[in-house]
Amino acid sequence: MIRIARFLNPLMNSNCYVIHQEQNKECVVIDPAAEKCENILPYLEANNLVPKFVLLTHEHVDHTWGCNYLREEFGAKLLCSRNCAKYMNVNSRSYFQLYYDQCDYEYQIAEPDQIVEEGTRVSLCRAEFSFFDTPGHSAGSVCIEINGENAIIGGDVLMETKPYISKPTGNKRVFEESIMRMKVLFPPTAMVYPGHGEPFELANVNMNF
Ligand SMILES: [Zn+2]
């Protein structure tokens, strides 16, 4: 059985997910965004889990900040979309000025190990993931299906709260199309694990821009 554990990224107020088969010792981490992943380490230790892969829903620092730590400490492989890779080191300083007390703090992420495209399916730690390009919140945004689990990692695209168009790569029309496409592809009862807030059913996704 697959377990999807949700953790709040401190400072950033975003969600990090640790996904693993119950009896497996390897896990996938989605959107780690605490500098040293202090929010998930106790869970990893308690369950003897080694993070093997990091997936990013998009390029914003409140979803990426911990990926260097997991790569350096555990040798985890990083997977993200082409536009996520293109923009993940752009404008990160403004986030740290907002959330972090060290204004001169620099955070650069090295090239990902694998670029995922629309329709990419990968089998990681005995779970299968499918990627959907869903730009609009930002250029690099994807939704990630956990295959066979009726579960979608929604990033900042599928949210119960008001959609947020992030400048300069966000776009309202594109954003609406992305949400509509997911609503066509998945049943209303699909569980969405969003980038911020509690999980909810896809029927309740917020389209009030
Ligand atoms: Zn975002």
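**Fold and sheet organisation of the predicted model**

In the chain, residues 24 or more positions apart account for 63% of the contacts with a separation of 6 or more. The structure described here is a predicted model. The chain contains 6 helices and 12 strands. Its radius of gyration is 16 Å, close to the 17 Å given by the globule rule for 209 residues, and the chain is therefore as compact as a globular protein of that length. The C-alpha trace spans about 45 × 40 × 25 Å along its principal axes. Of the 209 residues, 43% count as buried.

An open sheet is formed by 6 strands, arranged in the order E7-E8-E9-E10-E11-E12, and the pairing within this sheet is mixed. The edges are occupied by strand E7 (121-124) and strand E12 (200-201); each has a single partner strand, so one side of each is left without a neighbour in the sheet.

Within this sheet, strand E10 (residues 151-155) pairs with strand E11 (residues 191-194) in the parallel sense, over 4 bridges. Two positions illustrate the register of this pair. Ile-153 of the model stands opposite Tyr-193 in E11. The connection from E10 to E11 passes through helix H6 (residues 172-185), and this β-α-β crossover is right-handed. Elsewhere in the E10 and E11 pairing, Gly-155 stands opposite Pro-194 in E11.

The next pairing in the sheet, that of E11 with E12, is antiparallel and comprises 2 bridges. Here the bridge partner of Met-191 is Glu-201 in E12. The hairpin made by E11 and E12 has 5 residues between the strands, and within this hairpin Gly-197 takes a positive phi near 90 degrees.

The packing of nonpolar side chains was examined next. The largest nonpolar core comprises 54 residues, of which Leu-55, Ile-152 and Leu-158 touch the most other members. When residues up to four places away in sequence are not counted, Leu-158 touches Cys-143, Ile-152, Ile-179, Met-182, Val-192, Pro-194, Leu-202 and Val-205. The contacts of Leu-158 thus include Ile-152, itself among the core residues that touch the most other members. Another contact of Leu-158 is Pro-194, the residue in E11 that stands opposite Gly-155.

Several backbone features lie in the loops. A cis peptide bond, with omega about 0 degrees, joins Lys-167 and Pro-168. Pro-168 is placed in the loop between E10 and H6, and H6 is the helix through which the chain crosses to E11.

Two asparagine residues adopt positive phi values. Asn-13 has a positive phi of about 65 degrees although it is not a glycine. This residue lies in the loop between strand E1 (2-9) and strand E2 (14-21). With 13 other C-beta atoms within 10 Å, Asn-13 is partly exposed, a class that lies between the cut-offs of 12 or fewer for exposed residues and 20 or more for buried residues. For Asn-150, likewise not a glycine, the positive phi is about 55 degrees. Asn-150 is located in the loop between strand E9 (142-146) and E10. Its environment contains 14 other C-beta atoms within 10 Å, and Asn-150 is therefore partly exposed.

Conventions
Residues are numbered from 1 along each chain as its sequence is written. This is a predicted model: local features need pLDDT of at least 70, side-chain atom pairs count only at pLDDT 80 or more; totals for chains, interfaces and linings use all residues. Two strands pair if DSSP finds at least two bridges between them. A nonpolar core is a set of buried Ala, Val, Leu, Ile, Met, Phe, Trp, Tyr and Cys residues joined through C-beta atoms within 7 Å. Two residues are in contact if their C-beta atoms, placed from the backbone, lie within 7 Å. A crossover is right-handed if, with the strands pointing away from the viewer, the path from the first strand over the helix to the second runs clockwise. The radius of gyration is taken over C-alpha atoms; the globule rule is 2.2 Å times the number of residues to the power 0.38.
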